[in-house]
Amino acid sequence: QVQLVESGGGLVQPGESLTLSCAASGNIGSIRATDWYRQAPGSQRELVAHIARDGTANYTDSVRGRFTISRDNAKNTVYLQMNGLQPADTAVYYCHTSNMVGSWKWDEWGQGTQVTVSS
């Protein structure tokens, strides 16, 4: 199993920045990719950013150029640097990993961290 703990959320004003962290523990070697999702009230959970095991990153259109996903392998932590935050970015942000050991595949989720962008 893999345990994920997110941190770094908070209340910021439009245009400000936040960095979210997702610290992984447990069967780290099983992680094949890490994603950040978000879910706003009344909305479906959406994929925000993805980083593959080889470091390849992808973003949803609404955050491309403003958000950056990165990984520190020594700390088993994935970050989401969020710049130019807008009220539309308000949501609970979740860390997700895709895991595999042999032919066994599974997903893990963190508990989420609230990001609120408001003046």
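Let's start with a small gathering of rings: Tyr37, Tyr94 and Trp109 form one aromatic cluster. Keep in mind as you look around that this is a predicted model. If you search the whole structure for aromatic pairs, you find three of them. One of these is made by tyrosine 94 and tryptophan 109, whose rings meet edge-to-face, with 6.5 Å from centre to centre and 85 degrees between the planes. Now trace the chain to see where the two partners come from. Tyrosine 94 belongs to strand S9 (residues 91–101) and tryptophan 109 to strand S10 (residues 104–109), so the pair links distant parts of the chain, 15 residues apart.

How buried or exposed are these two rings? Tyrosine 94 has a relative accessibility of 14%, so it counts as buried, because the cut-off for that label is under 20%. Tryptophan 109, with a relative accessible area of 35%, is partly exposed.

Next, bring arginine 45 into view. Its charged end sits over the ring of tyrosine 94, 3.8 Å from the ring's centre. The charged end of arginine 45 also sits over the ring of tryptophan 109, this time 4.7 Å from the centre. That puts one arginine over both rings of the edge-to-face pair you just looked at.

Now move to another arginine, number 38. You'll find arginine 38 in strand S4, which covers residues 31–39. Is arginine 38 buried or exposed? With a relative accessibility of just 6%, arginine 38 counts as buried. What does its side chain touch in the way of polar partners? One is glutamate 46: the two side chains make a polar contact of 2.6 Å. Another is tyrosine 93, where a polar contact of 2.9 Å joins the side chains. Leaving aside neighbours within four places in sequence, arginine 38 is in contact with a whole list of residues, including Arg45, Val48, Phe67, Asp89 and Val92. So the arginine 45 you met over the rings turns up here again, as a contact of arginine 38.

Finally, go back to strand S9 and look for sulfur. The whole structure holds one disulfide, and it joins cysteine 22 to cysteine 95, with 2.0 Å from S to S. This bond links distant parts of the chain: cysteine 22 lies in strand S3 (residues 18–26) and cysteine 95 in strand S9, 73 residues apart. Why is this disulfide called left-handed? Because the torsion about its S-S bond is about -75 degrees. Both cysteine 22 and cysteine 95 are buried.

Methods:
Residues are numbered from 1 along each chain as its sequence is written. This is a predicted model: local features need pLDDT of at least 70, side-chain atom pairs count only at pLDDT 80 or more; totals for chains, interfaces and linings use all residues. Side-chain values use heavy atoms; hydrogens and water are left out. Rings of Phe, Tyr and Trp (its six-membered ring) pair if their centres lie within 6.5 Å; planes under 30 degrees apart count as stacked, over 60 as edge-to-face and the rest as tilted. Helices (H or I, at least four residues) and strands (E, at least two) are DSSP runs, numbered from the N terminus. Buried means under 20% relative accessible area, exposed over 50%, partly exposed in between (1.4 Å probe, protein chains only). A charge sits over a ring if NZ of Lys or CZ of Arg is within 6 Å of the ring centre and within 35 degrees of the ring normal. A polar contact is a pair of N or O atoms within 3.5 Å; within protein, one must be able to donate a hydrogen and the other to accept it, and residues adjacent in sequence count only if both atoms are side-chain atoms. Contact means heavy atoms within 4.5 Å. A disulfide is a pair of cysteine sulfur atoms within 2.5 Å.
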